[in-house]
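Please look through the structure below with its sequence alongside. The paragraphs that follow move from single aromatic side chains to the chain as a whole.

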Amino acid sequence: MGVLEATKIGAKARESAVELPLGRILPGDCVEAMRSLPDASVDLVFADPPYNLQLGGDLNRPDGSHVDAVTDAWDRFDSFAAYDTFTRAWVTEAKRVLKPDGGLWVIGSYHNIYRVGAILQDLGFWILNDIVWRKTNPMPNFRGTRFTNAHETLLWCSQGEKAKYLFNYRAMKTLNDELQMRSDWVLPICAGGERLKEGGHKVHPTQKPEALLYRVLLATTERGDVVLDPFFGTGTTGAVATRLGREWIGCEREDGYRDAARKRIAKELPLDESALTTMQAGRAAPKVAFGALVENGLIPPGTVLFDKKRRWEATVRADGSLAYGKQAGSIHGLGKELQGAPSCNGWTFWHYEAGGEARPIDSARQIYLLAAED
């Protein structure tokens, strides 16, 4: 099983790019929309399909308020057979439009992910990993009849057992404390300013956090790659793809979601080239825990960090590494090299501008930790 090493930065040619509706949201049924795309024209598919929750009625919190999504029409199917037919149809189209070395991600819960996984295997996909997204702030089990559902599952697949695929191993290691990225990801659910609302109500009940898509796209695409999202919703995939310099295509049948997605993505600005460069090689740097702040936007790529005396200024890159001229490394490693010191605590050495004052980046880490506890 081969792995394409990510040694190219934005140099991959995009066949049939002229024919592709890049940066557009295709209306209507996703299967019909995907049929309008050329064969082997997409580098990655990220799918967040209906979960077919099968709750059989409303779900209310103890205060009587209604829990969103459990009764929405787009999540209702008459039977498991109907859901399987729907799944097989969109997966078939996804396989057709993917390039031979393309990858597919699909996210789901216990309600649907096992059925989806079996169909993926039946149609020739090869499951590379099942990723557990463990939520730091899951919804409680209000009825007290089961364990709290605190995770969702993502399946990452290649086109087949022998197919090549892209995995930015070094960038993931830099993002994850200079340790190999594990298959259990601890991330908060979408909340706060990231959650789209209109009139005080959520625009979409199951909006995914941008940190989740950030990690998926940074791990398995390169700058300029084409990402297709057949269940675009309010555009999380498009927003993150734009930020990371990836092309995107969305499919979404709900008018309200398409409108919200367009407005959201219009506000996104691509990161400049220096910030998008990621660690591609080199020996392991000292342990850091900086990547979580980057992917959650507390210290976004492109931020300029500096030491307290402002002798050096370094730019934060997409995978959490820092760049200073031709030098690059982790917050600890680069700080150590610049000072010619045997070691460096990057958390106290590096500072950033916040509210008109210089703060150590450790203050951003404390904000992240507090948010994760909420």
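Is W312 buried or exposed? With a relative accessible area of 15%, W312 is buried, where buried stands for under 20% relative accessible area, exposed for over 50% and partly exposed for what lies in between (1.4 Å probe, protein chains only). The model is a predicted one, in which local features need pLDDT of at least 70 and side-chain atom pairs count only at pLDDT 80 or more, while totals for chains, interfaces and linings use all residues. Residues are numbered from 1 along each chain as its sequence is written, and side-chain values use heavy atoms, with hydrogens and water left out.

The aromatic side chains come next. Rings of Phe, Tyr and Trp (its six-membered ring) count as a pair if their centres lie within 6.5 Å; planes under 30 degrees apart are called stacked, over 60 edge-to-face and the rest tilted. By this rule there are 14 aromatic pairs. One of them joins W105 and W185, a tilted pair at 6.0 Å centre to centre with 40 degrees between the planes. W105 belongs to strand β3 (residues 98-108) and W185 to strand β6 (residues 184-187), so this pair ties together parts that are 80 residues apart in sequence. Helices (H or I, at least four residues) and strands (E, at least two) are DSSP runs, numbered from the N terminus. W105 counts as buried because its relative accessibility is 2%, and W185 counts as buried at 3%. A second pair is formed by W312 and F349: the ring centres are 6.1 Å apart and the planes are at 40 degrees, so this pair is tilted as well. The pair links distant parts of the chain, with W312 in the loop between β11 (304-307) and β12 (313-316) and F349 in helix α11 (residues 346-349), 37 residues apart. F349 is buried, its relative accessible area being 11%.

W105 and W185 also belong to one aromatic cluster, together with W156, Y165, F167 and Y169. R215 lies over the face of W185, at 5.0 Å from the ring centre. A charge is taken to sit over a ring if NZ of Lys or CZ of Arg is within 6 Å of the ring centre and within 35 degrees of the ring normal. K95 lies over the face of F125 in this sense, at 4.5 Å from the ring centre.

Strand β6 shows how W185 is placed. In a regular strand the side chains alternate between the two faces of the sheet. Along β6, W185 and L187 point to one face and are buried, whereas D184 and V186 point to the other and are not. Strand β4 (residues 126-135) runs parallel to β6 and is joined to it by four bridges; two strands pair if DSSP finds at least two bridges between them. One bridge partner is L187 in β6, which is matched with K135.

Back in strand β3, K99 counts as buried at 5% relative accessibility. The side chains of K99 and D43 are joined by a polar contact of 3.1 Å. A polar contact is a pair of N or O atoms within 3.5 Å; within protein, one must be able to donate a hydrogen and the other to accept it, and residues adjacent in sequence count only if both atoms are side-chain atoms.

Close in sequence to F349 is H351, in strand β15 (residues 350-354). H351 counts as buried at 9% relative accessibility, and a polar atom of its side chain lies 3.2 Å from the backbone oxygen of F349. Not counting residues up to four places away in sequence, H351 touches V304, L305, F306, D307, K308, A358, R359, P360 and I361, contact being heavy atoms within 4.5 Å.

Two further sites remain. N149, in the loop between β4 and β5 (151-158), is partly exposed, with a relative accessible area of 43%. Beyond its neighbours within four places in sequence, N149 is in contact with Y110, P138 and M139. A292, in helix α9 (residues 291-295), is buried at a relative accessible area of 18%. With the same neighbours left aside, A292 is in contact with L175 and Y368.

For the chain as a whole, there are 12 helices and 16 strands, and 51% of the 374 residues count as buried. Of the contacts with a separation of 6 or more, 70% are between residues 24 or more positions apart.
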